[in-house]
Amino acid sequence: QNMLEELLIHKPDDPIQYMINHLKQNNDDAPRICVLGPPAAGKTTVAMWLCKRLDAIRISQETLLFKEVLALTEEAKAYKERKEKIPNALWANLIQERLSNVDCIKQGWILEGFPENQEQAWMLQSSGIIPRHVVMLYAPDTVLIERNSGKRLDPLTGEVYHTTFDWPSDLLVQQRLVIPEDLSEQKTSKRLLEYHRNFPELFQIYQKVLKSINADQPSMDVLSQVLTYVQTRHRATAPFTPRILFCGPPGSGKSLQAALIAQKYGVVNICCGQLLKEAIADKTKLGELIKPYVDNGYPVPDPLVLKILTDRLNALDCLTNGWVLYGFPRDIEQGEEMQKSHITPN
C-alpha cells in the first residue's frame with residue numbers, strides 16, 4: 001500500500017525500477033509519526049520518549065535549524081535572525097530533505113510540532129510525506145498557560161523539564177537549565193489562539209490516522225497511551241475475510257462471544273468439539289476413526305482433529321464469509337500443528 005501511494009505521488013518515468021528501489025531501501029514497518037498539539041502540551045517529551053523506545057529519528061523545527069547541516073538550513077536561519085516567519089514551503093522542503101536521509105528511511109521518524117496548519121500538511125502530502133500515526137495532544141488552555149511558565153530547557157540535550165512536574169534530580173543538569181524564549185502569558189495565549197484556529201483543518205486531513213490523547217494526566221499515562229496507539233496497525237481498505245480464534249480457560253465465555261461475533265458479522269461459528277460430534281453422527285470415514293476415542297473418553301489424536309478442522313475451514317462458506325473458532329488449539333503443540341496446516345487467524 002505504501003509503495004502504491006509513493007507511485008501515485010511521484011509518477012516516476014520507470015515505475016518498475018522505482019518499485020525495485022523502494023523494496024531495496026524502504027522499511028515499511030519503520031515508524032512514521034507526527035506528534036501535534038498546542039504549546040506546552042508535552043510534544044517534545046512525548047517525541048523524545050518515542051524515539052528512545054522505537055529507535056526512530058526525532059525531527060523538530062529546532063533540530064532542523066540548529067542540529068542538522070542541510071542545504072536549506074542557512075536560508076531558514078536567515079529568516080529566524082531577521083525575526084521573520086519562515087515560509088511554509090521552506091519548512092516543507094527542509095523536512096523533505098531530512099526525511100530522505102538513509103537513517104530516517106531505515107529507522108523511521110517522529111515529526112514533532114509539524115505540520116502546524118492546513119497549507120503545511122498539504123505541502124508534506126504533495127512531497128510524499130504521509131504519517132502512519134498522528135498523535136494529537138490536548139489539555140485546557142488554563143493548564144497549558146500555567147504549565148508553560150514553568151518550562152525549562154537543557155541546552156546540551158534538548159530535554160524539556162518543568163519546575164513543578166518534572167525537575168531533574170541531577171545537580172549538573174539543574175545548573176545548566178535555561179528559560180526558553182516566548183514564555184510570557186500573552187505570547188502563549190496568542191499561540192494558543194492560532195493553534196485553535198488551525199486545529200479543525202488539521203483534524204480533517206489526518207482524521208483516519210489521528211488519535212487525540214489527554215495531556216492533562218500523569219506523564220506515564222500519556223506515554224503509555226501514545227505507545228499503545230503508534231504500535232497499532234491500521235486496517236487496510238482491501239476486502240477482508242475475518243479468521244477469528246477465541247482462546248481462554250473453561251467458563252471464560254468463548255462459546256458466547258463466538259456466537260455473538262458470528263451473529264453480528266455473519267461469519268461461520270465453529271466449535272471444535274461440535275465438529276467431532278457431527279463427524280461421528282454423520283458416520284463419515286473420519287467419524288468412524290474418532291468414535292472409539294470419544295466413546296472411551298480418550299482425547300482424539302491431533303492429526304485426526306486437524307484433518308476434520310481443515311476440511312471444514314476450507315469449505316466455501318468459511319472461505320467466503322470468514323470464521324470464528326473456539327475449542328482448538330488447547331496447547332502449544334496443537335497451535336504449531338495448526339500453523340503447519342495453514343490455518344492462520346488474522
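Contact here means heavy atoms within 4.5 Å of each other. The model on screen is predicted.

**Stop 1: helix H11**

Select residues 185-206, which form helix H11. At 1.5 Å a residue, its 22 residues should span 32 Å, and the 30 Å between its end C-alpha atoms agrees with that. Move along H11 to Phe199, where there is a kink of about 40°, shortly before the proline Pro200.

Now colour Thr188, Leu192, Tyr195, Asn198, Leu202 and Tyr206, which are buried residues of H11. An α-helix has 3.6 residues a turn, so residues three or four places apart point the same way. To see what the buried residues of H11 pack against, add helix H8 (118-126), strand E4 (133-138), helix H9 (141-149) and strand E7 (210-214).

**Stop 2: a three-stranded sheet**

Next, show strands E8, E10 and E9. They form an open sheet in the order E8-E10-E9, with parallel pairing. Strand E8 (243-246) and strand E9 (268-271) are at the edges; each has a single partner strand, so one side of each lacks a neighbour in the sheet. On average, neighbouring strands of this sheet are turned by 20° against each other, direction ignored.

Zoom in on E9 and strand E10 (residues 323-326), which pair in the parallel sense over four bridges. For one such position, pick Asn269: its bridge partner in E10 is Val324.

**Stop 3: helices on the sheet**

Keep E9 and E10 visible and add helix H14 (residues 272-281), which lies across both strands and runs at about 80° to E9. Then add helix H16 (residues 302-313), which packs on the sheet and touches E9 and E10. The direction of H16 makes about 175° with that of E9.

**Stop 4: two cis peptide bonds**

Select Phe114 and Pro115: the peptide bond between them is cis, with omega near 5°. Pro115 is in the loop between strand E3 (109-112) and H8. Another cis peptide bond joins Phe328 and Pro329, with omega about 0°. Look for Pro329 in the loop between E10 and helix H18 (332-340).

**Stop 5: two loop residues with positive phi**

Go to Asp55, in the loop between helix H3 (43-54) and strand E2 (57-59). Asp55 is not a glycine, yet its phi is positive, near 55°. Its relative accessibility is 51%, so Asp55 counts as exposed.

Finish at Lys283, in the loop between H14 and helix H15 (285-295). Lys283 is also a residue other than glycine with a positive phi, near 55°. Is Lys283 buried or exposed? With 65% relative accessibility, Lys283 counts as exposed.

Methods:
Residues are numbered from 1 along each chain as its sequence is written. This is a predicted model: local features need pLDDT of at least 70, side-chain atom pairs count only at pLDDT 80 or more; totals for chains, interfaces and linings use all residues. Side-chain values use heavy atoms; hydrogens and water are left out. The expected span of a helix is 1.5 Å times one less than its number of residues. The bend at a residue is the angle between axes fitted to the seven residues ending there and the seven starting there. Buried means under 20% relative accessible area, exposed over 50%, partly exposed in between (1.4 Å probe, protein chains only). Two strands pair if DSSP finds at least two bridges between them. Axes are lines fitted to C-alpha atoms, for helices over the stretch in contact, and angles run from 0 to 180 degrees between N-to-C directions.
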